[in-house]
Amino acid sequence: MAKYIDVHPDNPQPRAIGQVAESVRQGGLIVYPTDSCFALGCQLGSRDGIERIRTIRRLDDRHHFTLVCQNFAQLGQFVHVDNDVFRAVKASTPGSYTFILPATREVPRKLLHPKKRTVGVRIPDHRVAQALLAELGEPLVSSTLLLPDEEEPLTQGWEIKERLDHQVDAVVDSGDCGTEPTTVIDFSSGEAEIIRKGAGDVSRFE
């Protein structure tokens, strides 16, 4: 059974955040809130966690996983960012954007797009997610909690707990965090390509 952890949206309790982080460090798969919608998350090197995300969402090997980072300095450890792209990404973070960029050697091969050698990265503008990332000291491997054959992500923590009770280790609930996933911008060619229009404003990339 998954642990249900109720966290204050504006002042996340350190003890609760520590409990979630410990679950991640032990190889657990969590559901946690972001500034766009709930996401599945596991530790960077957790093969089991990644496979469990693939199973829950029925993802193939072409799916871009996202490294959810605490800040821009951390993001820069995992992707190559040239000057023009740097300015565009910096101006849009933190926020509801995922950027697809060429990965560095710090990224496990299992997370890379098999042909492009790219990975998704984002910096959320959400206090609970930020508190968790600060406690972990490393990114979370994440994917939007959008179940197969459903058009919208789940939005209620209690419902997520009921439906995924035996598939995840913890559900972190801090209230409603919306249904619209991030806007996805592919910068792997050096030019902005809008892959998905979501919660982030796309006008600056058009």
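## Starting at Pro33

Pro33 sits in the loop that runs between β2 and β3. This is a predicted model, so everything below is about computed coordinates. With 0% relative accessibility, Pro33 counts as buried. Setting aside neighbours up to four places off in sequence, Pro33 is in contact with Phe38, His126, Val128, Ala129, Val172, Ser174 and Cys177. Glu206 is another matter: 173 residues along the chain from Pro33, with 28 Å between the two C-alpha atoms.

The loop between β2 (30-32) and β3 also holds Ser36. Is Ser36 buried or exposed? Its relative accessible area is 5%, so Ser36 is buried. Not counting residues within four places in sequence, Ser36 is in contact with Ser96, Arg122, Cys177, Gly178, Thr179, Glu180, Pro181, Thr182 and Ala199. Cys177 turns up in the contact list of Pro33 and in that of Ser36.

## The domain in the record

UniProt, in an unreviewed entry, lists residues 14-200 as "domain: YrdC-like". Over that stretch the chain is 28% helix and 21% strand. The C-alpha atoms at the two ends of the stretch are 29 Å apart.

## The nonpolar cores

Now for the inside. The largest nonpolar core has 42 residues, and the members that touch the most others are Val31, Leu67, Phe99, Leu145 and Val168. Two or more residues each come from β3 (39-43), α2 (47-57), α3 (72-75), α4 (83-91), β5 (97-102) and β6 (118-122). Apart from this core lies another one, of 19 residues, including Ile17, Tyr32, Ala39 and Leu136.

What does Phe99 touch, leaving out residues up to four places away in sequence? The list is Val89, Ser92, Thr93, Val119, Gly120, Val121, Ile185, Phe187 and Phe205.

Leu145 is found in the loop between β7 and α6 (157-163). At 0% relative accessibility, Leu145 is counted as buried. Beyond four places in sequence, Leu145 touches Val31, Phe38, Ala39, Leu40, Pro153, Leu154, Ile160 and Leu164. Take Phe38 from that list: 107 residues separate Leu145 and Phe38 in sequence, yet their C-alpha atoms are 5.7 Å apart in space. Phe38 is also a contact of Pro33, where this tour began.

## The largest pocket

How many residues line the largest pocket? There are 25, and His64, Thr66, Thr98, Val184 and Arg196 lie nearest its centre. The volume of this pocket is about 400 Å³. By type, the lining splits into nine nonpolar, eleven polar and five charged residues.

Several strands build the lining: β4 (66-68), β5, β7 (140-144), β9 (183-186) and β10 (193-196) give at least two residues each. The largest share, three residues, is from β7.

His64, one of the residues nearest the pocket centre, is in the loop between α2 and β4. Why does His64 count as buried? Its relative accessibility is 18%, and buried means under 20%, so His64 makes the cut. Apart from neighbours within four places in sequence, His64 is in contact with Ile100, His113, Thr118, Val119 and Gly120. Val119 and Gly120 are also touched by Phe99. Leu112 lies 48 residues from His64 in sequence, with the two C-alpha atoms 7.2 Å apart.

## Backbone details to look for

Three spots in the loops deserve a look. Pro94 is in the loop between α4 and β5. The peptide bond leading from Thr93 to Pro94 is cis, with omega near -5°. Thr93 has already come up as one of the residues touched by Phe99.

Then there are two arginines with positive phi. Arg58, in the loop between α2 and β4, has a phi of about 55° although it is not a glycine. Arg58 has a relative accessible area of 62%, so it is exposed. Arg117, in the loop between β5 and β6, has a phi near 60°, again positive in a residue other than glycine. Is Arg117 buried or partly exposed? At 40% relative accessibility, Arg117 counts as partly exposed.

How values were computed:
Residues numbered from 1 in each chain as written. Predicted model: local features only at pLDDT ≥ 70, side-chain atom pairs only at ≥ 80, totals over all residues. Heavy atoms only, no water. Core = buried A, V, L, I, M, F, W, Y, C linked by side-chain atoms within 4.5 Å. Buried < 20%, exposed > 50% of the residue type's maximum accessible area, 1.4 Å probe, protein only. Helix = DSSP H or I, 4+ residues; strand = E, 2+ residues; numbered from the N terminus. Contact = heavy atoms within 4.5 Å. UniProt positions renumbered as here; feature names shortened; annotations may be inferred. 1 Å grid on protein atoms, 1.4 Å probe; cavity = no way out; pocket = protein on both sides within 12 Å on 5 of 7 lines; lining within 4 Å. Points joined across faces, edges and corners; volume = space filled by probe spheres on them. Nonpolar A, V, L, I, M, F, W, Y, C, P; charged D, E, K, R; others polar.
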